[in-house]
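Trainee: Could you pick a single part of this model and take me through it closely, with its surroundings and cut-offs included?

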Amino acid sequence: MLFRLVFLSAGIFGLAHAQTADLIVRNARIYTVDSRTPTASAIAVRGGKIAAVGDDLNAFEGAATKVIDAKGATIIPGLIDSHGHVTGLGASLEMLDLRGATSEAEIAGKVKAAAAKAAPGEWILGRGWDQNLWTTKQFPTAASITDAAPKNPVALTRIDGHASWVNRAAIDAADVNAGTKDPDGGRVMRDGGGRPAGVFIDTAQELVRRKVPPPSPEQVLRQISRALAECARLGLTSVHDAGVTEAEITAYHALQQQGKMPVKVYAMLSNSPALVDKWLARGPELGEFFTVRSIKVYADGALGSRGAALLAPYADEKGSTGLVITGQAAIQAVAVKAAARGFQVNTHAIGDRGNRETLDAYAAALKGPNDKRFRVEHAQMIAPEDFAKFQKFSIIASMQPTHATSDMGWAADRLGPERVKGAYAWQTLMKLGVHLASGSDFPVELANPIDGFYAAVTRQDKQGKPAGGWYPEQRLSREEALRSWTLEGAYAAFEENSKGSLAPGKAADFVMLSNDIMTVPEAEILRTKVTMTVVDGKIVHQE
Ligand SMILES: [Zn+2]
């Protein structure tokens, strides 16, 4: 008896010693997104990987184990944003934030403070103003921000991105005057004498924007760093960067080398021939924190500005069917080369024509079921006869639930009552067995994945309108939504064996939340805070 006891405790000791965890989080409500063990209360981490998920993990606790009592908080796998623009998010974080400003004077004050810190001639950029919040409700003029920053060009983008408010120095830099014609698809607001008054609309914004110097390598690196820190704060542990340049890749390599990436990045190459040819020749780069194995192509434009390519004219602009940026033949040429060299192709397609040309190009390159995992980014509006092509050619739909709730006020105006039924049609795709990965398209939409989760399960705005949700039959269940932000995002990057769910052997990427988003009332979802973000077992954000 005594011998057995000694033997037994030595056995337990040996077991515990071999399996001692670096970190154990217990007393949590864990949703694993792993069908074998869907829920648990504790998770153990060793060497950056998950050692165990279960209810009694005492055997993993050793003297050096850090133990966190979650006090009943919810834990989900690290969230994956399958479509964002990392440098764009960083740049927007560096701009003056003008959202919510209630007067022109308030904004001029912010510009004046920024000018006091800027070098002469340095551009001052901002975004988020909305004249509907001012008592005047009128577009502003250049005067107030010219007084505020006489020596610095200023360009402030409206909240919807469709207008820029600029000062005199910016107008002079752009060399726009009474003799300058409005460009196609744009308008320069003018004073009584025909001179630019200070607001440039839609494509006219380019007249000014092209004068803003491109960011230096140091700025690119800083913007990526800021954006990744923001992602970690929001509970994102991986992001798919939807179109990177050579300069951005250089910055990522530097950050990776210095161990300064809090969040993992799956990069899509911008479709410039020189960049793509170089990478096709060298092959994919597969790193834990930075991977390059996909190419981003633009089939068409966006719906809001009527740039999305449609098969039939816009319901609210009869003469227009939008704009094809990369047509079927050109997409097919990229697709054939990419498939041969182990690269995925991810094509932005918004309108039903953009989607059809993309799907048919993919079909010609892929020929049938396959494991190339080509993606349609946005897949926003699809003709009824085209849905099945996703399933037939194993194509992933990479969609952004907040686009639906941002666009629902006017999408039916653009498309009419019939075509809108094929728009933001998440369930139509899911029912065909199509892989659906969710994202935000930050900074076009807010990067917060909690907002996206709410949009996916409600199809309502933040005030809960419309009641019952917009085309509610397309809503995702909470389980489907969580899966689309975790395991499906991993699948869309060929990473489902190493991340996307909480299971032994996978990366210890997880997030602690202040609310149980799987059970709280819908309105409560929006009040959820990310209290801890863990990447490879390291806490990269905590509050
Ligand atoms: Zn995008």
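Mentor: Happy to! A residue is buried if 20 or more other C-beta atoms, placed from the backbone, lie within 10 Å of its own, exposed if 12 or fewer, and partly exposed in between. This is a predicted model, in which local features need pLDDT of at least 70, side-chain atom pairs count only at pLDDT 80 or more, and totals for chains, interfaces and linings use all residues. Residues are numbered from 1 along each chain as its sequence is written.

Let's look at helix α11, residues 352-366 (helices are DSSP runs of H or I, at least four residues; strands are E, at least two; both are numbered from the N terminus). Its 15 residues reach 20 Å from first C-alpha to last, close to the expected 21 Å (1.5 Å times one less than the number of residues). Eleven of the 15 are buried, so by the definition above α11 is mostly covered. At the start of the helix, the buried residues include Asp352, Arg353, Gly354, Asn355 and Arg356; further along, Ala361, Tyr362 and Ala365 are among them.

What do these buried residues pack against? Their partners are helices α10 (328-340), α12 (387-392) and α14 (411-419), along with strands β19 (344-349) and β20 (375-378); a contact here puts two C-beta atoms, placed from the backbone, within 7 Å. After the helix comes Lys367, with a positive phi near 70°.

For another covered element, try strand β8 (residues 79-84): six of its six residues are buried.
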